[in-house]
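Subject: Structure handover and notes on helix packing

Dear colleague,

I am passing on the structure below, together with some notes on what was found in it. Please read them beside the coordinates, as they concentrate on one region.

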Amino acid sequence: MYESHFGLSGKPFKLSPDPTFFYGSPHHSKAISYLRYGLESGEGFIVITGPVGTGKTTIARSLLSSLDDSITAIQLVTTHLSPDALINMIASNFGLQVEGLGKAETLKRLEGFLHSLHRQGKRALLVIDEAQNLPSETIEELRMLSNFQIDDKPLIQSFLLGQEELKPIIELPEMEQFRQRIIASCHLETLNTEQTREYILHRLSVVGWNHHPELADPIFQIISQYTGGVPRKINIFMDRLFLYAFMENVTTIDEAAVRSVMDEMGTELSGGLQPTGQIRAPKNANTVSSMHYGLAHGEQSVEIDRIHQILAEVNKVLDDVIARKTLTIKQLDRLIREKRKLLSSRGDALDNGRVAAPLRTNEATHVNGNPSANDLNPNHELQTHEQTPVASVHPANETNRLVEKRWLQQLIKERESGL
């Protein structure tokens, strides 16, 4: 949008890594030199680490763009890959058909491919970005790949680029053999104020900036402190600053313009240019230091660890509550089944009692086929019908049955409320 207005040939502060805009700070120049040294030696591992947004991917692409035809290179941006998954991904990126093959067959095809490159006077280079996501056993698999050799020269070489979390993985005791094969390593640092100024002017010079708009010299210190000297954050902020200059028809970007953009971005999702936990600067702040309230980085780490610990404890308590609730419900289910079975058997016994009483009375009236004294009694039938209800009611049993029914109903209500 603002490129044509300011006479620029392209967007100077785009986020996607572009080797055209590579800026060689002392740390970045050292990193690229180590990578080129590794290529010349043709063996060993090169490891480049650095905070998020410090230009690791740009370094990798700058290196890849400078390679000649003697090197066949691939770049992987990894997630949490198992050793087998990494081998499959490497083979696939080299153009091999390995879908559905086992690890042994995949390695055999990959070795054959590497030998074919060697016969052509070429060698393979593997650049792994975001390597901090790899488990230690997967990194160890890379060391095993370096055992594919001819004349004591590896057929494939690996460069690892990752965030600071990669360092403790490589420092694990079980990674000793891998560490012995690292021939150089470098850690990228953020830019200081002067490097921030050079970085901004370098990117502008690539797209033909002709001092339109002008950049007041004091803004570079403000931008450096606000972004922490992280190249990606500098790009985000400068892109927004040039957009502001275009929309407000600004011809000179000064401190007031910089602070206006800071205030705008502080209320947006992109306002996270400052470290997490810091408070955004109040409007019309007179000094940059007023923007840096909040927790220091170490205090943030402690606070985050404490929050994680609390969440873990809460999660454990909830798991225990759920387990106890589940056990209670199971016990209630068992008791309900037992009571239902008991009530059913007692109900059957009562029903049988009602039928058996008159039968026993009738049977008592005949002995060896002869009428009993009751048959000769004219009041016998009346007495029998009067006695039968008394024998079959069983008042105590009926009372117990009602109590058990009420108890069962209460259990069911408790179970339902527990659910």
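Helices, meaning DSSP runs of H or I with at least four residues, and strands, meaning runs of E with at least two, are numbered from the N terminus. On that basis the protein has 14 helices and 13 strands, and please bear in mind throughout that this is a predicted model. Of the 419 residues in the protein, 37% are buried, and among the contacts with a separation of 6 or more, 73% join residues 24 or more positions apart.

I begin with helix 8, which covers residues 193-206. At 1.5 Å a residue its 14 residues should span 20 Å, and the end C-alpha atoms are indeed 20 Å apart, which agrees. The buried residues in helix 8 are Gln195, Thr196, Tyr199, Ile200, Arg203 and Leu204. An α-helix has 3.6 residues a turn, so residues three or four places apart point the same way. What do the buried residues of helix 8 pack against? Their partners are helix 1 (26-41), strand 8 (214-215), helix 9 (219-227) and helix 10.

Two of those partners also pack against each other, since the axes of helix 9 and helix 10 come within 9 Å and cross at roughly 130°. Angles over 115 and up to 145 degrees fall outside the perpendicular and antiparallel ranges, and helix 9 and helix 10 are therefore oblique to each other. Their crossing is right-handed. From helix 9 the contact draws on Ile223, Tyr226 and Thr227, and from helix 10 on Lys233, Ile234, Phe237, Met238 and Leu241; by class, this amounts to 6 nonpolar, 1 polar and 1 charged residues.

Helix 10 (residues 231-247) also meets helix 11 (residues 255-265), with axes that come within 10 Å and cross at roughly 110°, and these two helices are therefore roughly perpendicular to each other. Here too helix 10 passes helix 11 in a right-handed crossing. Helix 10 contributes Ile236, Phe237, Arg240, Leu241 and Tyr244 to the contact, while helix 11 contributes Ala257, Val258, Ser260, Val261, Met262, Glu264 and Met265. By class, the contact of helix 10 with helix 11 has 9 nonpolar, 1 polar and 2 charged residues. Phe237 and Leu241 of helix 10 take part in the contact with helix 9 and also in the contact with helix 11.

With best regards

Methods. Residues are numbered from 1 along each chain as its sequence is written. This is a predicted model: local features need pLDDT of at least 70, side-chain atom pairs count only at pLDDT 80 or more; totals for chains, interfaces and linings use all residues. Side-chain values use heavy atoms; hydrogens and water are left out. Axes are lines fitted to C-alpha atoms, for helices over the stretch in contact, and angles run from 0 to 180 degrees between N-to-C directions. Angles under 35 degrees count as roughly parallel, over 145 as roughly antiparallel, 65 to 115 as roughly perpendicular and the rest as oblique. A crossing is left-handed if the near helix is turned anticlockwise from the far one by less than a right angle, and right-handed if clockwise. Contact means heavy atoms within 4.5 Å. Ala, Val, Leu, Ile, Met, Phe, Trp, Tyr, Cys and Pro count as nonpolar, Asp, Glu, Lys and Arg as charged, and the others, Gly among them, as polar. The expected span of a helix is 1.5 Å times one less than its number of residues. Buried means under 20% relative accessible area, exposed over 50%, partly exposed in between (1.4 Å probe, protein chains only).
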